[in-house]
Amino acid sequence: MCSDLALKESINRSRGRPRPRLRIYHPLSWSGEIGKGVQKCHPPARGGISFMEGMRVNFREKAKLVDAEGIRRTLTRLAHEIVERNRGSQNLAIVGMRTRGVFIAERLQKLIKEVDGGDVPLGVLDVTLYRDDFRLKLKQPQIQVTHIDFDIDEKNIVLVDDVLYTGRTIRAALDALMDLGRPARIQLAVLVDRGHRELPIKSDFVGKNVPTSIGEEVRVRMAEHDGEDAIYLVERVDKEEGKSNGS
Amino acid sequence: MESYILPDRLCLKNARLIDPALNLDQVGDLLLERGIITSVGSVSASGNTLSWNLNGAIICPGFFDLHVHLREPGNEVAETIRSGQESAAAGGFTAVAAMPNTTPPLDQAGVVRWVIEQASFFPVSVYPVAAITRGRKGEELTEMVELRQSGAIAFSDDGSWVLSAEVMRRALEYSLLVDAPIISHAEEPTLSKGGQMHEGEMSTRLGLPGLPRISEDVATLRDLMLAEYTGGRLHLAHVSTSGALAALEAAQARGVKVSGEATPHHLVLTDGAVVGYDTSTKMKPPLREAEDASSLWKAIKSGVIAAIATDHAPHTSEDKEVPYDEASFGALGLETAVALLWDHGVGKGLLDPFEMVRRFCHGPRAIVGLPIPALKEGAPVELTVFHPDEEWQVDKTRFYSKSVNSPFVGWKLTGRPWGILKGQRWAGRVEPKF
Amino acid sequence: MDHERKNRPLTSRHLLGLEGLAAEEIKTILDASEAMKEILDRPIKKVPTLRGVTVVNLFFEASTRTRISFELAEKRLSADLVNFTKIGSSVSKGETLLDTARNIEAMRVEVVVIRHQSPGAPGFLADRLHSVVINAGDGAHEHPTQALLDMLTLRQKFGDLKGLRVAILGDISHSRVAMSNVYGLKAMGAEVMLCGPPTLMPRNIDALGVKVSYKVDEAIAWADALNVLRLQLERQQSALLPSLREYALTFGITLQRLGKAKRTPVILHPGPINRGVEIESAVADSDASVILDQVTNGVAVRMAVLVLLSAPEVLM
C-alpha cells in the first residue's frame with residue numbers, strides 16, 4: 001500500500017479512480033522459484049527500460065539485394081514456373097503466409113492470370129497457433145485470421161512465403177494446411193532462400209538464393225505493407241557496443 | 001515485552017511536556033519519584049538521581065483507548081489480555097477499555113473480575129466494558145449494579161446493536177442506577193444484512209454488498225431519541241457517517257447526555273482503500289467516503305466527538321487470509337493510532353497538539369468518569385511518551401499484537417510512540433536509557 | 001472494423017476484469033477471437049497451440065455454460081485440462097481457498113480458470129500463484145470473458161463499437177456481466193444505458209459514466225442493442241421484487257414492446273434464459289436475437305484469452 005497516503009490522496013482515490021487492477025508482470029522478472037511456495041512477482045519498474053527494450057537487437061542495412069524492378073521480374077518468372085510445372089492453372093490454389101507472403105501470393109495470382117488466364121483461388125494462412133516456438137517466444141503473438149474460403153481437398157496448393165530460413169515456419173504451415181483438408185500436393189514458393197535449414201524442407205520455386213551468415217538476416221519489403229518493394233541484407237548490431245558481431 | 005521498574009528518582013530530560021488541562025507545552029525536565037511526579041520544568045539533579053535524555057520526545061498525560069477488543073477469554077489465538085496490553089503500551093496507551101464480545105461474554109461479575117485480575121500483571125490498566133444484555137443477545141439486561149461494582153466502567157453489546165427499542169430504553173433507564181454510559185454499536189442490521197463494505201461507488205465497482213450509511217444513521221437516531229427520553233447516558237461507538245455526526249451534534253445541543261468516539265481508520269482512510277480487496281480494510285462500521293472523513297475531523301476538532309478510540313480488533317490470518325466477503329470484520333488500531341493522529345491530524349493542521357491529547361486522554365476518561373492524569377507535582381505517574389519527529393514504517397512483523405490485520409502495514413508515518421510510564425514502571429517499544 | 005485503432009499486447013499476465021483495460025488491449029483479444037472463430041468452422045476444430053499446457057477449471061459456483069465453453073476452448077487448443085467443482089471436493093470439506101491455491105501451485109498448473117462467489121477471489125489467487133489466472137466470474141464483480149464475447153458479437157453485427165448504444169437490462173446490482181460490459185464498452189467508446197428496477201440498481205452507478213433508466217421502453221427506443229440479463233429467481237425473496245410476474249410485466253422484453261420502437265434493437269442475453277420472465281420466447285428466437293452467436297463467440301473469445309495469456313512462456 002502507498003506509504004504516504006494522506007487523507008487527500010485517499011479522497012482522490014475514492015472519487016472514481018481506483019488503483020488499476022492490472023498486474024504487469026513479465027516472466028523473466030519473476031523472482032520466485034518453483035517449490036519455494038508462494039512468492040509475488042515483481043513488475044518491472046515503470047519508466048525504466050522495459051524488458052523487451054533491454055532484449056532488442058538492432059539491425060544495420062548491409063546491402064540492397066533486389067530492387068522493385070528485380071522483384072517484379074522475379075515474380076513474373078516464378079508465375080511462369082508455377083504454371084509450367086503444374087501444366088496450367090487448373091486445380092491450382094495459392095496460399096500466402098502472413099504477413100508478407102500474402103502480398104507475394106496476391107501478385108502471383110495476378111501474374112498467373114496474365115500468363116494462363118485462369119482464376120486461381122487465393123487463401124491466407126496464419127501459422128502462429130502452429131509454431132513450435134509459440135510458448136518460448138518472449139513476445140505476445142499477434143494472432144490473425146486464417147482465411148481460406150475454398151475447399152483444399154485434392155488441390156495443388158502453392159504455399160507462398162517471403163524468406164525460407166530454418167524451415168520451421170513451413171513445417172507449421174504444412175500442419176495447418178493438413179488440418180484444413182487433404183490437398184493433392186503442396187508446393188513451396190519463396191522469394192528468397194537464405195539457407196540454414198533445420199528441418200528437411202526444400203522449396204519448389206525460389207526467387208533468389210542468398211547465402212547468409214547467422215548474424216545476417218534477409219528483409220523483404222513489400223509496397224503494400226512497407227511502402228517499397230525491395231530485398232535487403234541486414235546484419236545484427238550489438239546494441240550495447242554498437243558494433244557488428246557478425247562475420 | 002517486559003516492563004521496566006524505574007529507579008526511585010528518575011529525571012526525564014529534554015522532553016516536550018504537554019498537558020492541555022494545565023495549558024502546558026514546553027521543553028523541560030520531569031522528575032519522577034516512586035510513581036509520583038515531583039518536579040515539572042527544570043530539575044536540578046542531585047546525586048542519586050538517574051536521568052534519561054528524551055531528545056525532544058513528547059510527554060503527556062496517559063492516553064486511554066475507550067474501545068479495544070482483547071479477545072480473551074475465548075479467542076486467545078488472535079489476542080490475549082497480555083498481548084493487548086503490550087500492544088497498547090507500544091502504541092502509547094496507559095489504559096484501555098475491553099469490549100465484552102468475548103467467549104464467554106463479559107456479562108457476569110465473575111468474568112469481569114477475572115479480566116481485571118488477568119490484567120494486573122502489566123502496567124496497562126484494563127477497564128472492562130460489560131454487556132448490556134445477557135449473552136449480548138439483546139433480550140435480558142445484565143446485572144448492571146453488580147457488574148459496575150466489580151469494575152465494569154460502561155455497558156455495551158458492541159458488535160451488535162440492541163435491536164429491541166424496548167430493551168434499549170430499559171437499559172438506558174436502568175443505567176441511571178449505576179452512573180455508567182450505555183455504549184451503542186449503531187447498526188440497523190436489516191439494512192446492513194450481508195454487507196461487506198460501505199455502500200457507494202466503490203462497492204458497486206468491487207461487486208461487494210453494501211453497508212449503507214442509512215443503517216448507522218437510523219440506529220443512531222433511535223438511540224439518541226431513547227437517551228433523550230430516558231435521561232440515560234449514551235455513548236456512540238465508532239461514529240462514521242456525516243449523518244450520525246449531525247444527529248449527535250444536534251442532540252448535544254439539546255442537552256441530551258450523549259458522547260461519541262471516532263477511530264483513526266475512519267479519519268484517515270476511505271472506501272477507496274478497499275480496492276485490491278485487502279481484508280484488513282474490512283471493518284464495521286466500514287470505511288466511508290471522503291466527506292464523512294472530513295466531517296469526522298471537524299467533529300474531533302470541535303469536541304462534538306470527545307474521544308478517539310481505536311476499535312482495535314485483532315483477527316487471525318485464518319480469519320483474514322480469505323476472500324473479502326468471507327473475512328472477519330475488524331482491524332488493529334492500538335499501535336498506529338497515535339502516529340496516525342500526529343502525522344495526519346496535527347501534521348496536516350487538522351488538530352493542534354492540545355486537541356489531540358484531549359481526545360486521547362481527557363475526552364475518553366470523562367465519558368466513563370475515570371480520574372484524569374496530569375503533568376503536575378504530586379500527581380501519580382501515568383504518562384504517554386512519543387517522539388513527534390521520528391519517522392517509521394508500519395511493519396507487520398513488529399506488532400506486539402498477536403495479529404497483523406492492520407490496513408496501515410507499509411505506511412511511513414512521522415511521530416512514533418515510545419511507550420508509557422505508569423506508577424514506577426516503563427513499558428513500550430523503546431528501551432529506557434538511564 | 002475498428003481499423004484505425006491499433007492493437008497492443010496485453011499488459012497483465014492475468015485476466016481479472018475489464019476495468020482498466022485499454023481499448024487497444026481489448027481489440028487485441030477481439031481480433032484474436034476472430035482468428036479462433038475460423039478454427040471453429042473447420043472440419044478439424046483443433047490446433048496444437050497449447051500442447052503441454054495444463055489448465056485447471058476451478059468452479060466454486062455452479063455453472064454449465066461458462067464451464068463447457070472454457071473446456072471446449074481448452075480442448076480446441078490442445079491444452080490438458082482438469083475440472084474442479086465444489087461439490088464432492090475438498091472445499092465442501094472445509095478447505096480454504098488459500099489451501100486450494102497452494103495445492104494447485106504444488107501441482108504445477110500453468111493456467112487457472114476460476115469462478116467463485118466471492119468478489120476478488122481471482123485476484124486473491126493471482127497474488128498467491130505463479131499460474132496465469134483467468135476470471136470466469138467472481139460474485140457481483142466481473143465476468144470479463146462474457147463481456148468480451150458480448151462485444152465480439154456486437155462488433156460482428158455493427159462493425160464498430162464506437163458510438164454504439166448498448167442498453168443493459170435487468171438485475172444490475174447483482175450482475176458481474178453488467179459491470180464488465182460497462183467497463184469494456186466504455187473503453188471501446190460505446191454508450192451504455194443501464195435499465196432495471198430501482199431496487200436492483202447499485203448505488204452511485206452513474207459514477208461509472210452510464211445512463212440510468214427505470215423505463216424499459218425508454219431503453220428500447222434509445223438502444224442499438226439490448227443486453228437482457230438473466231433474473232435470478234430468488235430475488236423476490238429478499239424484498240427486491242414483489243413477484244416475477246410483475247417483473248415480467250414491467251421489464252420483460254416482448255415483441256409487443258419492441259414493436260413500439262422505430263427500429264428493433266439487436267437482442268443479447270448471457271444465458272441461461274428464463275423464458276417468459278426477462279425475455280419472451282418469441283423475442284429470444286427472433287431474427288433480432290444474436291444469443292446463439294454469443295455462445296459460439298464465447299468459445300472463440302476464451303480460446304483467444306487462453307492463447308494470449310499462455311504465451312509468452314510463464315514458467316521458465
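## Cis peptide bonds in chains B and C

In this predicted model, Pro73(B) lies in the loop of chain B that connects strand E7 (63–68) with helix H1 (81–91). The peptide bond leading into this proline, from Glu72(B) to Pro73(B), is cis, and its omega is near 5 degrees.

Chain C offers a further case, in which the bond from Gly271(C) to Pro272(C) is cis with omega near -10 degrees. Pro272(C) belongs to the loop between strand E9 (266–268) and helix H10 (281–284) of chain C. As background, most peptide bonds are trans.

## Positive phi in two arginines

Most residues other than glycine have a negative phi. Against that background, Arg34(B) has a phi near 45 degrees, a positive value in a residue that is not glycine. Arg34(B) sits in the loop of chain B between strand E3 (24–33) and strand E4 (36–41), and it counts as partly exposed because 13 other C-beta atoms lie within 10 Å.

Arg108(C), likewise not a glycine, has a positive phi of about 60 degrees, and its place is in the loop of chain C between helix H3 (97–106) and strand E3 (111–116). With 12 other C-beta atoms within 10 Å, Arg108(C) is therefore classed as exposed, the cut-off for that class being 12 or fewer.

## Helix H5 of chain C

Helix H5 of chain C comprises 15 residues, 144–158, which at 1.5 Å a residue should span 21 Å; the C-alpha atoms at its ends are 21 Å apart, so the expected and the modelled spans agree. The helix is followed by Gly159(C), which has a positive phi near 85 degrees.

H5(C) is mostly covered, with 12 of its 15 residues buried. The buried positions include hydrophobic and polar names alike, among them Leu148(C), Leu149(C), Met151(C) and Leu152(C), as well as Thr145(C), Gln146(C), Asp150(C) and Arg155(C). Pro144(C), at the start of the residue range of the helix, is also one of the buried residues.

## Organisation of chain A

The secondary structure of chain A amounts to 6 helices and 8 strands, and these elements, when read along the sequence, follow the pattern α-α-β-α-β-α-β-β-α-β-β-β-α-β.

Of the 247 residues in chain A, 33% are buried. Among the contacts of chain A with a separation of 6 or more, 65% are made by residues that stand 24 or more positions apart in the sequence.

Key: Residues numbered from 1 in each chain as written. Chains lettered and ligands numbered in written order. Predicted model: local features only at pLDDT ≥ 70, side-chain atom pairs only at ≥ 80, totals over all residues. Helix = DSSP H or I, 4+ residues; strand = E, 2+ residues; numbered from the N terminus. Buried ≥ 20, exposed ≤ 12 C-beta atoms within 10 Å, placed from the backbone. Contact = placed C-beta atoms within 7 Å. Expected span 1.5 Å × (residues − 1).
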